[in-house]
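Please look through the structure below, moving from single charged pairs to the chain as a whole.

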Amino acid sequence: MGDDNVVARLGSLKALLGIVAGAGASYGIYKLVFGRAGDGGVNRKKSAKSVTIQPGSLMAKVSGFKVVSKSYNLGPSADTESSDIHTKSAASLEPRHLSMLLSLLQSSPNLEERRKVLVTLGNAAAFTVNQDLLREFGGLHVIAGSLSDPSPEIRVQTLNALNNLSMNIRNQEQLKIYVPSVMQMIEMSPVNSDLQLAALRLLTNLSVTDKHQHLMKNSITLLLSLLVVSNEVLQIQVLKVLVNLSSNPDLMDDIVQAQAPASLILLFDGCTSTTVLLRLVCFVGNLRAWRPSAQVAEALRRRQDSLYCVLLDSSSQLHRKLPLLLSHPDEEVKLQVARLLT
């Protein structure tokens, strides 16, 4: 293949990315509050038939866009063909298009161009067929390489793409090695950063089964600290991870021994968001299903800052707080609290 053909192919790909940028859409931008103080689950695999493409959205701009001609031997008309609009779905992007995107992600020195590539790959990864193809191309590690990019926006878009890829159970086998990096990103990211929420969304998917949950057991204190200082959006995501982890009996010893902020008890209040409160009650229900031996319980009582003392021990203020929630205006909250008390 000649140099002119390579240039033409890359020119076609950049034309696609220009259209994506022109759509004025960005994949997965979220706001949250975070500070250090003291069920989620895997989304269902998506297919082309199950995705509704909204008019004017980034997906609508990409769908039907002919990226390259049907042959690798692209002639001078490649750019003209790439601008044609067809009625095919974005899921019908061919394998070579994904390969070109991965190559450009690795080779481009331009930050904005890499961001556009990640947005495009993230949207492509919403489809099961592309989740498999990207894994087979070695694309998961290529994309994850951008987790260390100096740009926060690049890291956010990387996490968004990995989140979609993690909806595929086979992909999780490769993505699990990045759990420590994602945890560190949560800990080190600025207050209110999109990075923290994007990272937690990825961890929610990776913690939906008990296969990789053990990789997060040393971060329970970090998650509990986030819970007491963050806003509702982040609290919900933190609790999704905690509920997933607390459903695993093999992790319970690690969870109840974790250091917990005393202010955690303040969340069990009528002023707390109903959505957050329901997940908190679910978390406590999982914890109460664990029954320590008398010897273990006595050892835990010596650690006054442990989650056991804060939420489970007979001296915990939770025993006083829970009955007050029986007068909560939400019926589901009252029902779940009543179950805890019986």
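Is E94 buried, partly exposed or exposed? E94 counts as partly exposed, because its relative accessibility is 27% and the buried class ends under 20%. The model is a predicted one, and this value, like the others here, is computed from it.

E94 has a charged partner: its side chain meets that of R96 in a salt bridge, with 2.6 Å from N to O. R96 is buried, at a relative accessible area of 11%. The pair therefore joins a buried arginine to a partly exposed glutamate.

A search of the whole structure gives ten salt bridges, including one between R114 and D149, whose closest N and O atoms are 3.0 Å apart. This pair links distant parts of the chain, 35 residues apart: R114 belongs to helix α5 (residues 111–124), while D149 sits in the loop between α7 (139–144) and α8 (152–165). R114 is buried, with a relative accessible area of 13%, and D149 is buried as well, at 12%.

Another of the salt bridges is formed by E173 and K211, with 3.0 Å between the closest N and O atoms. E173 is in helix α9 (residues 169–175) and K211 is in the loop between α11 (194–206) and α12 (220–229), so the bridge ties together parts that are 38 residues apart in sequence. Salt bridges with shared partners join E173, K211 and K176 into one network. Within this network, E173 is partly exposed, with a relative accessible area of 31%, whereas K211 counts as exposed at 54%.

N244 shows a contact of another kind. This residue is placed in helix α13 (residues 232–246) and is buried, with a relative accessible area of 7%. Its C-alpha atom is separated by 6.0 Å from that of S207, although the two residues are 37 residues apart along the chain.

The next feature is a space between residues. The second largest pocket holds about 150 Å³. Its lining consists of L287, R288, W290, R291, P292, A297, Y308, L312 and H319. Helices α15 (274–288) and α17 (307–312) each supply at least two of the lining residues. By character, the lining divides into six nonpolar, one polar and two charged residues.

Finally, consider the protein as a whole. Its secondary structure comes to 19 helices and zero strands. Of the 342 residues, 52% are buried. The protein exposes about 15300 Å², and carbon and sulfur atoms supply 52% of that area.

Technical notes: Residues numbered from 1 in each chain as written. Predicted model: local features only at pLDDT ≥ 70, side-chain atom pairs only at ≥ 80, totals over all residues. Heavy atoms only, no water. Helix = DSSP H or I, 4+ residues; strand = E, 2+ residues; numbered from the N terminus. Buried < 20%, exposed > 50% of the residue type's maximum accessible area, 1.4 Å probe, protein only. 1 Å grid on protein atoms, 1.4 Å probe; cavity = no way out; pocket = protein on both sides within 12 Å on 5 of 7 lines; lining within 4 Å. Points joined across faces, edges and corners; volume = space filled by probe spheres on them. Nonpolar A, V, L, I, M, F, W, Y, C, P; charged D, E, K, R; others polar. Areas by Shrake-Rupley, 256 points an atom, 1.4 Å probe, with all protein chains shown as cover. Salt bridge = Lys/Arg side-chain N within 4 Å of Asp/Glu carboxyl O.
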